[in-house]
Amino acid sequence: EVSDAPFMTREETSKYTDALRDGRVEQFTFTLGPKSLITSPSYPMVMGQRGFCEIRGIAWTGNGRVQRVEVSVDGGRRWRDARLLGPALDRCGTAFTAAWDWDGKPALLLSRATDELGVTQPMPAEARRLRGAGSHYHNNAVRAWQIDADGRVTLGLRALI
């Protein structure tokens, strides 16, 4: 069925409506800001021996093209540019990679994308400040992977809260 107006169904109104921090509601949020996700290493992987590792992931934005992706292996204290693979197309996923020499110590891996409008993917605290705590469906905050000394990879969200 095709329509030129919203159907106002439960899924449409519950998933595309975001409660904002100031108590107002933004109805029909359709554009997601820049988002990136490290796909390797990621859960449930176990890192091999210390040494060279390739960090791989994907980034996208509803604002046009991904301009830049940065990665951090120390929880966001320092960031460095990842290499974008292939052309960054309009509103399409863009693969990225970065070399990492893992020293065998615990690490917290992050990635953040910046789009062609200059908008950078927010850290979780900044996303909550901007959109409020109830905005889960359109969450574009930075995600973290915790690497333990034994090489186990788990979700590192608690470290960013």
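## A tour of the strands, cores and loops

Begin with the five strands of an open sheet, which follow the order S6-S5-S9-S10-S11 and pair in the antiparallel sense. Strand S6 (80-81) and S11 are the edge strands; each has a single partner strand, so one side of each is left without a neighbour in the sheet. The model on display is predicted, and every value below is computed from it.

Within this sheet, select S5 and S9 together. They run antiparallel and are joined by six bridges. To locate the register, pick Ser72, whose bridge partner in S9 is Leu110. Strands of a sheet pair through backbone hydrogen bonds, either parallel or antiparallel.

Next, display S3, S4 and S8. S3 and S4 run antiparallel, with five bridges between them; here Leu37 has Ile58 in S4 as its bridge partner. S4 also pairs with S8, again in the antiparallel sense, over nine bridges. A convenient point of reference is Gly57, which stands opposite Phe96 in S8.

Now show the side chains of the largest nonpolar core, which has 19 residues. Which of them touch the most other members? These are Met47, Ile55, Val69, Phe96, Trp100, Leu109 and Ile147. Two or more residues are given to this core by each of S4, strand S5 (66-72), strand S8 (94-102), strand S9 (107-115) and S10. S8 supplies the largest share, four residues.

Centre the view on Val69, one of the core residues just named. Leaving aside neighbours within four places in sequence, Val69 is in contact with Ala59, Arg80, Asp81, Ala82, Leu84, Phe96, Ser111, Arg112 and Ala113. A second core, separate from the largest one, comprises five residues, among them Leu108, Val142, Ala144 and Leu160.

From Val69, move to Arg112, one of its contacts. Arg112 lies over the face of Trp79, at 3.9 Å from the ring centre.

Then select the aromatic rings. How many aromatic pairs does a search of the whole structure find? The search finds one. Its members are Trp100 and Trp102, with ring centres 6.4 Å apart and planes at 50°; the pair is therefore tilted, as that angle falls between the limits of 30 degrees for stacked and 60 for edge-to-face. Trp100 is buried, at a relative accessible area of 8%, and Trp102 is likewise buried, at 3%.

Trp102 leads to the next selection, Gly151, which touches it. Gly151 is placed in the loop between strand S10 (144-147) and strand S11 (153-155). Is this residue buried or exposed? Gly151 counts as buried, with 0% relative accessibility. Apart from residues up to four places away in sequence, Gly151 touches Met45, Val46 and Met47 as well as Trp102. Add Pro106 to the selection: 45 residues separate Pro106 from Gly151 along the chain, and their C-alpha atoms are 8.1 Å apart.

Finish at Ser42, in the loop between strand S3 (35-40) and strand S4 (51-60). Ser42 counts as buried because its relative accessibility is 10%, and the cut-off for buried is under 20%. Which backbone oxygen does its side chain reach? The side chain of Ser42 reaches that of Thr39, at 2.7 Å. With residues up to four places away in sequence not counted, Ser42 touches Trp145 and Val153.

Conventions. Residues are numbered from 1 along each chain as its sequence is written. This is a predicted model: local features need pLDDT of at least 70, side-chain atom pairs count only at pLDDT 80 or more; totals for chains, interfaces and linings use all residues. Side-chain values use heavy atoms; hydrogens and water are left out. Rings of Phe, Tyr and Trp (its six-membered ring) pair if their centres lie within 6.5 Å; planes under 30 degrees apart count as stacked, over 60 as edge-to-face and the rest as tilted. Buried means under 20% relative accessible area, exposed over 50%, partly exposed in between (1.4 Å probe, protein chains only). A charge sits over a ring if NZ of Lys or CZ of Arg is within 6 Å of the ring centre and within 35 degrees of the ring normal. A polar contact is a pair of N or O atoms within 3.5 Å; within protein, one must be able to donate a hydrogen and the other to accept it, and residues adjacent in sequence count only if both atoms are side-chain atoms. Contact means heavy atoms within 4.5 Å. A nonpolar core is a set of buried Ala, Val, Leu, Ile, Met, Phe, Trp, Tyr and Cys residues joined through side-chain atoms within 4.5 Å. Two strands pair if DSSP finds at least two bridges between them.
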